[in-house]
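Could you walk me through this protein, from its overall form down to a few single residues? Please keep it friendly for someone in the first year of study.

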Amino acid sequence: MTPPAKNLVILGARQHAKVLVAIIRECYPQEFRIVGYLDDDPALAESCVLDLPVLGTIEDLEKISQIHNITHVVLGISNRFLKLRHDLFNRVKKLGLALPSLIHKTAFVSPFADIGEGVVLNPGVVVNAFAKIGNNVVVYSNSTIEHETCLGNNVYIGPGVNFTSNTSVGENTFIGAGSKIIPDIKIGSNVIVGAGSVIIADIPEGTTVAGVPAKIINSSRKSKI
(Lines give C-alpha, C1' and ligand atoms only; values in the text may rest on other atoms or scores of the structure.)
Protein backbone atom coordinates (compact mmCIF):
# COMPACT_ATOMS: atom_id res chain seq x y z
CA MET A 1 0.00 0.00 0.00
CA THR A 2 1.33 3.43 -0.97
CA PRO A 3 1.90 5.67 2.09
CA PRO A 4 -0.05 8.95 2.15
CA ALA A 5 1.59 11.97 0.53
CA LYS A 6 3.35 14.39 2.87
CA ASN A 7 1.94 17.92 3.08
CA LEU A 8 4.42 20.46 1.74
CA VAL A 9 4.48 24.25 1.45
CA ILE A 10 6.70 26.34 -0.82
CA LEU A 11 8.25 29.57 0.47
CA GLY A 12 8.03 32.01 -2.42
CA ALA A 13 5.62 31.92 -5.35
CA ARG A 14 7.52 33.25 -8.35
CA GLN A 15 9.83 31.78 -11.00
CA HIS A 16 11.97 29.41 -8.93
CA ALA A 17 8.94 28.29 -6.95
CA LYS A 18 7.16 27.34 -10.18
CA VAL A 19 10.17 25.24 -11.21
CA LEU A 20 9.87 23.36 -7.91
CA VAL A 21 6.18 22.73 -8.53
CA ALA A 22 7.06 21.24 -11.92
CA ILE A 23 9.72 18.94 -10.41
CA ILE A 24 7.40 17.74 -7.65
CA ARG A 25 4.50 17.10 -10.02
CA GLU A 26 6.71 15.27 -12.51
CA CYS A 27 8.99 13.35 -10.17
CA TYR A 28 7.33 13.16 -6.72
CA PRO A 29 3.55 13.08 -7.31
CA GLN A 30 2.95 10.29 -4.79
CA GLU A 31 5.40 11.52 -2.17
CA PHE A 32 4.35 15.15 -1.67
CA ARG A 33 1.08 17.06 -1.68
CA ILE A 34 1.72 20.75 -2.33
CA VAL A 35 -0.67 22.66 -0.07
CA GLY A 36 0.34 26.07 -1.43
CA TYR A 37 2.81 28.92 -1.12
CA LEU A 38 3.81 31.58 1.37
CA ASP A 39 4.98 34.85 -0.19
CA ASP A 40 5.48 38.39 1.13
CA ASP A 41 4.46 40.17 -2.09
CA PRO A 42 1.10 41.91 -1.47
CA ALA A 43 0.30 41.56 -5.18
CA LEU A 44 0.17 37.77 -4.73
CA ALA A 45 -2.01 37.76 -1.61
CA GLU A 46 -4.94 35.33 -1.90
CA SER A 47 -4.02 34.54 -5.51
CA CYS A 48 -3.28 31.20 -7.19
CA VAL A 49 -0.09 30.23 -9.02
CA LEU A 50 -0.22 27.06 -11.13
CA ASP A 51 -3.59 26.29 -9.50
CA LEU A 52 -2.10 26.42 -6.00
CA PRO A 53 -3.09 29.07 -3.44
CA VAL A 54 -0.91 31.68 -1.81
CA LEU A 55 -1.85 30.96 1.81
CA GLY A 56 -0.20 33.94 3.49
CA THR A 57 3.18 35.53 4.10
CA ILE A 58 6.40 33.80 5.07
CA GLU A 59 5.92 35.13 8.61
CA ASP A 60 2.82 32.88 8.78
CA LEU A 61 4.86 29.68 8.35
CA GLU A 62 4.40 28.30 11.86
CA LYS A 63 0.66 29.05 11.92
CA ILE A 64 0.04 27.66 8.41
CA SER A 65 2.06 24.55 9.24
CA GLN A 66 -0.20 23.82 12.20
CA ILE A 67 -3.45 24.53 10.32
CA HIS A 68 -2.55 22.38 7.30
CA ASN A 69 -0.42 19.73 9.03
CA ILE A 70 2.65 20.74 7.01
CA THR A 71 5.64 18.46 7.52
CA HIS A 72 7.90 19.52 4.63
CA VAL A 73 9.07 22.88 3.25
CA VAL A 74 10.99 23.82 0.10
CA LEU A 75 12.49 27.23 -0.65
CA GLY A 76 11.22 28.77 -3.86
CA ILE A 77 13.50 31.80 -3.44
CA SER A 78 15.88 32.74 -6.26
CA ASN A 79 19.59 33.55 -6.28
CA ARG A 80 18.81 37.27 -5.94
CA PHE A 81 17.96 36.64 -2.28
CA LEU A 82 20.75 34.40 -1.00
CA LYS A 83 20.67 35.91 2.49
CA LEU A 84 16.93 35.27 2.71
CA ARG A 85 17.46 31.67 1.56
CA HIS A 86 20.13 31.26 4.25
CA ASP A 87 17.90 32.69 6.99
CA LEU A 88 14.79 30.76 5.95
CA PHE A 89 16.63 27.45 5.85
CA ASN A 90 17.72 27.96 9.46
CA ARG A 91 14.25 29.09 10.50
CA VAL A 92 12.59 26.01 8.99
CA LYS A 93 15.09 23.78 10.77
CA LYS A 94 14.32 25.44 14.11
CA LEU A 95 10.61 24.76 13.58
CA GLY A 96 11.38 21.07 13.18
CA LEU A 97 10.08 20.88 9.60
CA ALA A 98 11.82 18.76 6.98
CA LEU A 99 13.61 20.25 3.96
CA PRO A 100 13.59 17.53 1.30
CA SER A 101 16.02 17.42 -1.58
CA LEU A 102 14.34 17.47 -5.00
CA ILE A 103 16.26 15.66 -7.72
CA HIS A 104 14.81 15.65 -11.22
CA LYS A 105 14.53 12.18 -12.71
CA THR A 106 16.85 13.12 -15.60
CA ALA A 107 19.64 14.22 -13.25
CA PHE A 108 22.45 11.75 -12.55
CA VAL A 109 23.79 11.49 -9.01
CA SER A 110 26.56 8.99 -8.37
CA PRO A 111 25.90 6.65 -5.44
CA PHE A 112 29.32 7.76 -4.22
CA ALA A 113 28.34 11.45 -4.09
CA ASP A 114 27.14 13.19 -0.92
CA ILE A 115 23.99 15.35 -1.12
CA GLY A 116 22.78 17.58 1.74
CA GLU A 117 19.32 18.73 2.85
CA GLY A 118 17.10 21.00 0.80
CA VAL A 119 19.09 20.50 -2.40
CA VAL A 120 17.48 21.04 -5.82
CA LEU A 121 19.01 19.35 -8.88
CA ASN A 122 17.31 20.34 -12.12
CA PRO A 123 17.05 18.36 -15.39
CA GLY A 124 20.29 17.09 -16.87
CA VAL A 125 22.49 17.84 -13.86
CA VAL A 126 25.42 15.45 -13.32
CA VAL A 127 26.93 14.94 -9.86
CA ASN A 128 29.84 12.56 -10.21
CA ALA A 129 31.50 10.22 -7.75
CA PHE A 130 32.94 11.73 -4.56
CA ALA A 131 31.44 15.16 -5.18
CA LYS A 132 29.89 16.76 -2.10
CA ILE A 133 26.95 19.17 -2.14
CA GLY A 134 26.04 21.03 1.05
CA ASN A 135 22.63 22.03 2.38
CA ASN A 136 20.22 24.40 0.62
CA VAL A 137 22.07 24.23 -2.71
CA VAL A 138 20.37 24.78 -6.09
CA VAL A 139 21.93 23.48 -9.31
CA TYR A 140 20.18 24.45 -12.53
CA SER A 141 19.82 22.48 -15.73
CA ASN A 142 22.71 20.71 -17.49
CA SER A 143 25.38 21.70 -14.99
CA THR A 144 28.16 19.23 -14.18
CA ILE A 145 29.65 18.76 -10.72
CA GLU A 146 32.68 16.55 -11.27
CA HIS A 147 34.53 14.29 -8.85
CA GLU A 148 36.02 15.71 -5.63
CA THR A 149 34.16 18.99 -6.12
CA CYS A 150 32.66 20.43 -2.93
CA LEU A 151 29.83 22.99 -2.92
CA GLY A 152 29.25 24.71 0.43
CA ASN A 153 25.89 25.47 2.00
CA ASN A 154 23.48 27.90 0.29
CA VAL A 155 25.29 27.87 -3.06
CA TYR A 156 23.27 28.63 -6.20
CA ILE A 157 24.49 27.36 -9.58
CA GLY A 158 23.05 28.64 -12.86
CA PRO A 159 22.40 26.44 -15.91
CA GLY A 160 25.23 24.97 -17.95
CA VAL A 161 27.99 25.47 -15.38
CA ASN A 162 30.91 23.02 -15.57
CA PHE A 163 33.04 22.17 -12.54
CA THR A 164 35.85 19.93 -13.74
CA SER A 165 37.35 18.34 -10.60
CA ASN A 166 38.72 18.97 -7.12
CA THR A 167 37.10 22.40 -6.82
CA SER A 168 35.67 23.93 -3.65
CA VAL A 169 33.01 26.64 -3.41
CA GLY A 170 32.35 28.50 -0.16
CA GLU A 171 28.95 29.23 1.35
CA ASN A 172 26.44 31.74 -0.01
CA THR A 173 28.03 31.92 -3.46
CA PHE A 174 26.35 32.30 -6.85
CA ILE A 175 27.87 30.94 -10.09
CA GLY A 176 26.29 32.41 -13.22
CA ALA A 177 25.07 30.46 -16.25
CA GLY A 178 27.61 28.86 -18.55
CA SER A 179 30.63 29.43 -16.32
CA LYS A 180 33.59 27.03 -16.53
CA ILE A 181 35.91 26.19 -13.64
CA ILE A 182 39.21 24.40 -14.24
CA PRO A 183 40.49 21.77 -11.75
CA ASP A 184 41.96 22.52 -8.32
CA ILE A 185 40.25 25.90 -7.87
CA LYS A 186 39.04 27.40 -4.58
CA ILE A 187 36.13 29.85 -4.75
CA GLY A 188 35.45 31.68 -1.50
CA SER A 189 32.22 32.37 0.37
CA ASN A 190 29.91 35.27 -0.59
CA VAL A 191 31.20 35.33 -4.17
CA ILE A 192 29.31 36.22 -7.35
CA VAL A 193 30.60 34.78 -10.63
CA GLY A 194 29.15 36.46 -13.71
CA ALA A 195 27.57 34.39 -16.48
CA GLY A 196 29.96 32.86 -18.99
CA SER A 197 33.05 33.36 -16.84
CA VAL A 198 36.08 31.08 -17.05
CA ILE A 199 37.72 30.56 -13.66
CA ILE A 200 41.43 29.73 -13.92
CA ALA A 201 42.60 31.03 -10.51
CA ASP A 202 41.33 31.00 -6.93
CA ILE A 203 38.61 33.57 -6.12
CA PRO A 204 38.84 35.37 -2.75
CA GLU A 205 35.91 35.58 -0.36
CA GLY A 206 33.44 38.42 -0.85
CA THR A 207 34.30 39.29 -4.44
CA THR A 208 32.41 39.62 -7.70
CA VAL A 209 34.21 38.30 -10.78
CA ALA A 210 33.42 38.08 -14.48
CA GLY A 211 35.09 37.58 -17.83
CA VAL A 212 37.31 35.21 -19.80
CA PRO A 213 39.43 34.68 -17.85
CA ALA A 214 37.48 35.93 -14.83
CA LYS A 215 38.76 39.06 -13.09
CA ILE A 216 37.68 40.76 -9.88
CA ILE A 217 35.28 43.64 -10.56
CA ASN A 218 34.09 44.22 -6.98
CA SER A 219 35.37 43.21 -3.55
CA SER A 220 32.76 44.63 -1.16
CA ARG A 221 30.75 41.48 -0.36
CA LYS A 222 32.82 40.13 2.56
CA SER A 223 30.72 38.89 5.47
CA LYS A 224 27.54 40.02 3.73
CA ILE A 225 25.72 36.92 4.99
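Let's start with charge in this predicted model. The protein has 20 positive and 19 negative charges, and the mean positions of these two groups lie 3 Å apart. As for the surface, about 10400 Å² of the protein is exposed, and carbon and sulfur atoms supply 55% of that area.

Now step back and look at the overall form. Along the principal axes, the C-alpha atoms fill a box of roughly 50 × 40 × 30 Å. The radius of gyration is 18 Å, which agrees with the value near 17 Å that a compact globule of 225 residues would have. Of the 225 residues, 49% are buried. You can also ask how the chain meets itself: among contacts between residues at least 6 apart in sequence, 31% join residues at least 24 apart.

Next, the secondary structure. The protein has three helices and 24 strands. Eight strands come together in an open sheet with mixed pairing, and their order is β6-β9-β12-β15-β18-β21-β23-β24. At the edges you will find β6 (102-103) and β24 (215-218); each has a single partner strand, so one side of each is left without a neighbour in the sheet.

Follow this sheet to β21 (residues 192-193) and β23 (residues 208-210), which pair in the parallel sense over two bridges. Here isoleucine 192 stands opposite threonine 208 in β23. If you move on into the loop between β23 and β24, you meet proline 213. The peptide bond that leads from valine 212 to proline 213 is cis, with omega near -5°. Why stop at this spot? Most peptide bonds are trans, and most residues other than glycine have a negative phi.

That second habit of protein chains brings us to two asparagines. Asparagine 136 sits in the loop between β11 (132-133) and β12 (138-139). Its phi is near 60°, a positive value in a residue other than glycine. Is asparagine 136 buried or exposed? With a relative accessible area of 3%, asparagine 136 is buried, because buried means under 20%.

Asparagine 172 can be read in a similar way. Look for asparagine 172 in the loop between β17 (168-169) and β18 (174-175). Although asparagine 172 is not a glycine, its phi is positive, at about 60°. The relative accessibility of asparagine 172 is 4%, so this residue counts as buried.

Conventions
Residues numbered from 1 in each chain as written. Predicted model: local features only at pLDDT ≥ 70, side-chain atom pairs only at ≥ 80, totals over all residues. Heavy atoms only, no water. Helix = DSSP H or I, 4+ residues; strand = E, 2+ residues; numbered from the N terminus. Rg over C-alpha atoms; globule rule 2.2 N^0.38 Å. Buried < 20%, exposed > 50% of the residue type's maximum accessible area, 1.4 Å probe, protein only. Contact = heavy atoms within 4.5 Å. Areas by Shrake-Rupley, 256 points an atom, 1.4 Å probe, with all protein chains shown as cover. Lys, Arg positive; Asp, Glu negative; His and termini not counted. Charge placed at Lys NZ, Arg CZ, Asp CG, Glu CD. Pairing = 2+ DSSP bridges.
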